[in-house]
Amino acid sequence: MMFDDLLKQSGLGDKGGDLMGMLTQQLQDRGGVPSMVEGFQKQGLGDQAASWVGTGENQPINANQINGFLGNDFVQQAAAKLGLSPEMISQAASKLLPAIVDKLTPAGKVPANNDLMSSLPGMLGDLMGK
């Protein structure tokens with residue numbers, strides 16, 4: 001799925017790229033993809049997270065489940081920064097986070113380095129079809 005399609009589904013318009021950057025930074029701050037997978041496993045959502053890393057189809061996650069990982073503070077701060085409701089942030093994040101993880105793990109494996117921000121420009125280009 002291309003980034004433009006994700007933005008249309010999320011309803012964020014131009015603010016989707018900002019949220020994607022915030023989500024990627026949040027992933028990096030929390031220890032990268034390995035820590036994210038572990039966090040989702042603790043919530044009983046390991047199959048979903050593993051599907052994002054793997055090369056098959058990404059399993060969906062809902063807004064409440066994504067909130068369990070991101071936390072209320074992140075959602076509230078992102079909503080305030082982007083001028084959107086927390087519900088919109090959660091809903092959009094439930095679409096964007098699987099795509100981010102999928103693009104960061106193109107070979108179906110967790111990246112060796114956790115410097116996700118260095119991967120972001122190429123990843124955004126891939127999602128935008130450039």
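A: Before we look at this predicted model, one term is needed: a residue counts as buried when its relative accessible area is under 20%.

Q: Which residues of helix 2 are buried?

A: As background, an α-helix has 3.6 residues a turn, so residues three or four places apart point the same way. In this model, the buried residues of helix 2 are Gly16, Leu19, Met20, Gly21, Met22, Leu23, Thr24, Gln26 and Leu27. The helix itself runs over residues 15–29 and reaches 21 Å from its first C-alpha to its last, close to the 21 Å expected at 1.5 Å a residue.

Q: What phi does Gly31 take, just after helix 2?

A: Gly31 takes a positive phi of about 100°.

Q: How many aromatic pairs are there?

A: In general, a pair of aromatic rings is described by the distance of the centres and the angle of the planes. Here the count comes to two aromatic pairs. Phe40 and Trp52 make an edge-to-face pair, with 5.3 Å from centre to centre and 80° between the planes, and this pair links helix 3 to helix 4 across 12 residues. For Phe40 and Phe69, the centres lie 4.7 Å apart and the planes stand at 25°, so that pair is stacked. Because Phe40 lies in helix 3 and Phe69 in helix 5, the stacked pair ties together parts that are 29 residues apart in sequence.

Q: Are these rings buried or exposed?

A: Phe40 and Trp52 are both buried, and Phe69 is buried as well; together, Phe40, Trp52 and Phe69 form one aromatic cluster.

Q: Which residue lies over the face of Phe69?

A: Arg30 does, at 4.8 Å from the ring centre.

Conventions:
Residues are numbered from 1 along each chain as its sequence is written. This is a predicted model: local features need pLDDT of at least 70, side-chain atom pairs count only at pLDDT 80 or more; totals for chains, interfaces and linings use all residues. Side-chain values use heavy atoms; hydrogens and water are left out. Rings of Phe, Tyr and Trp (its six-membered ring) pair if their centres lie within 6.5 Å; planes under 30 degrees apart count as stacked, over 60 as edge-to-face and the rest as tilted. Helices (H or I, at least four residues) and strands (E, at least two) are DSSP runs, numbered from the N terminus. Buried means under 20% relative accessible area, exposed over 50%, partly exposed in between (1.4 Å probe, protein chains only). A charge sits over a ring if NZ of Lys or CZ of Arg is within 6 Å of the ring centre and within 35 degrees of the ring normal. The expected span of a helix is 1.5 Å times one less than its number of residues.
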